[in-house]
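Me: Pick one part of this model and take me through it slowly, please. I'd like to know what it sits against and how the pieces around it hang together.

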Amino acid sequence: MGKANKKAKAPSATIAQNRKARHEYHLEEHFEAGLVLEGWEVKSMRAGKANLSEAYVLLKDGEAFLFGARIEPLNTASTHITPDPIRTRKLLLNRRELSLIYSGVQKDGFTCVPVSLYWKKGFAKCDIALAKGKQKFDKRATEKERDWNRQKQRLMRQG
């Protein structure tokens, strides 16, 4: 008898997404940044206990930092450390990327927002984007377009 051909589902590489960012901003240019994390944070992220909903990126002294990202500590976290769920985390970007982001924020009036956290080759990465804020009518137009696309798909399926 042969083995059953059951493939195990590969775990999703995405840890957390900032859905609010896509609703509130026009995302222009994306950058991939590494994160400086502690051991308990990595374990919590593997368990899926990360949240980016109120996070933002701050540029200070030629470096980028992730503020407001919430990584809940596991119950099994070590007793000799005190985990801080909303600690400021440094983003790892090269000098050229930092200068592009800095010039966009300073001169062009962009905002730098974190879009998602994900795993890449065993390392935690953060997708950040330069974004322009949407006006209320932009949000309504986006919603109408999304609804129309759904309606179109339904009509195509019905034939």
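Reply: Lys43 is a good place to start: this residue lies in helix α2 (helices are DSSP runs of H or I, at least four residues, strands are runs of E, at least two, and both are numbered from the N terminus). Keep in mind that this is a predicted model, where local features need pLDDT of at least 70 and side-chain atom pairs count only at pLDDT 80 or more, while totals for chains, interfaces and linings use all residues. Residues are numbered from 1 along each chain as its sequence is written, and side-chain values use heavy atoms, with hydrogens and water left out.

Lys43 is exposed, at 58% relative accessible area (exposed means over 50%, buried under 20%, partly exposed in between, with a 1.4 Å probe and protein chains only). Its C-alpha atom is 23 Å from that of Ala64, though just 21 residues separate the two along the chain.

So what does the helix lie across? Helix α2, residues 39-46, lies across β1, β2, β7, β8 and β9, running at about 80° to β8 (axes are lines fitted to C-alpha atoms, for helices over the stretch in contact, with angles from 0 to 180 degrees between N-to-C directions; contact means heavy atoms within 4.5 Å). Arg46 lies over the face of Trp119, at 4.1 Å from the ring centre (for this, CZ of Arg or NZ of Lys must be within 6 Å of the ring centre and within 35 degrees of the ring normal). There's another case of this kind: the charged end of Lys132 is over the ring of Phe110, with 5.0 Å to the centre.

Now for the sheet under that helix. It is open, with 7 strands in the order β1-β8-β9-β2-β7-β5-β4 and antiparallel pairing (two strands pair if DSSP finds at least two bridges between them). β1 (14-17) and β4 (56-60) are the edge strands; each has a single partner strand, so one side of each lacks a neighbour in the sheet. On average, neighbouring strands here are turned by 40° against each other, direction ignored.

Let's follow β9, residues 123-133. This strand is mostly covered, with 8 of its 11 residues buried. On one side, β8 and β9 are joined antiparallel by 9 bridges, and Cys112 has Leu130 of β9 as its bridge partner. The two strands make a hairpin with 2 residues between them. Lys121 in that loop is exposed at 78% relative accessible area, and its phi is near 55°, a positive value in a residue other than glycine. β2 also pairs antiparallel with β9, over 9 bridges, with Ala33 partnered by Cys126. β2 (residues 25-35) then meets β7 (residues 89-92) through 2 bridges, where Gly34 pairs with Leu92.

Two side chains on these strands deserve a closer look. Tyr118 in β8 counts as buried at 18% relative accessibility, and its side chain makes a polar contact of 2.6 Å with that of Glu32 (a pair of N or O atoms within 3.5 Å; within protein, one must be able to donate a hydrogen and the other to accept it, and residues adjacent in sequence count only if both atoms are side-chain atoms). The C-alpha atoms of Tyr118 and Ala13 are 5.4 Å apart, with their places 105 residues apart in the chain. Arg89 belongs to β7 and is buried, with 1% relative accessible area. A polar atom of the Arg89 side chain is 3.0 Å from the backbone oxygen of Ala69. Beyond its neighbours within four places in sequence, Arg89 touches residues including Glu41, Phe65 and Asp84.

Finally, out to β4 and β5. The count of aromatic pairs is 1 (Phe, Tyr or Trp rings, using the six-membered ring of Trp, with centres within 6.5 Å; planes under 30 degrees apart are stacked, over 60 edge-to-face, the rest tilted). That pair is Tyr56 and Phe67, with centres 5.6 Å apart and planes at 15°, so it is stacked. Tyr56 is in β4 and Phe67 in β5 (residues 63-67), 11 residues apart. Both are partly exposed, Tyr56 at 42% and Phe67 at 24%. In the loop between these strands is Asp61, exposed at 72%, which has a positive phi of about 55° although it is not a glycine.
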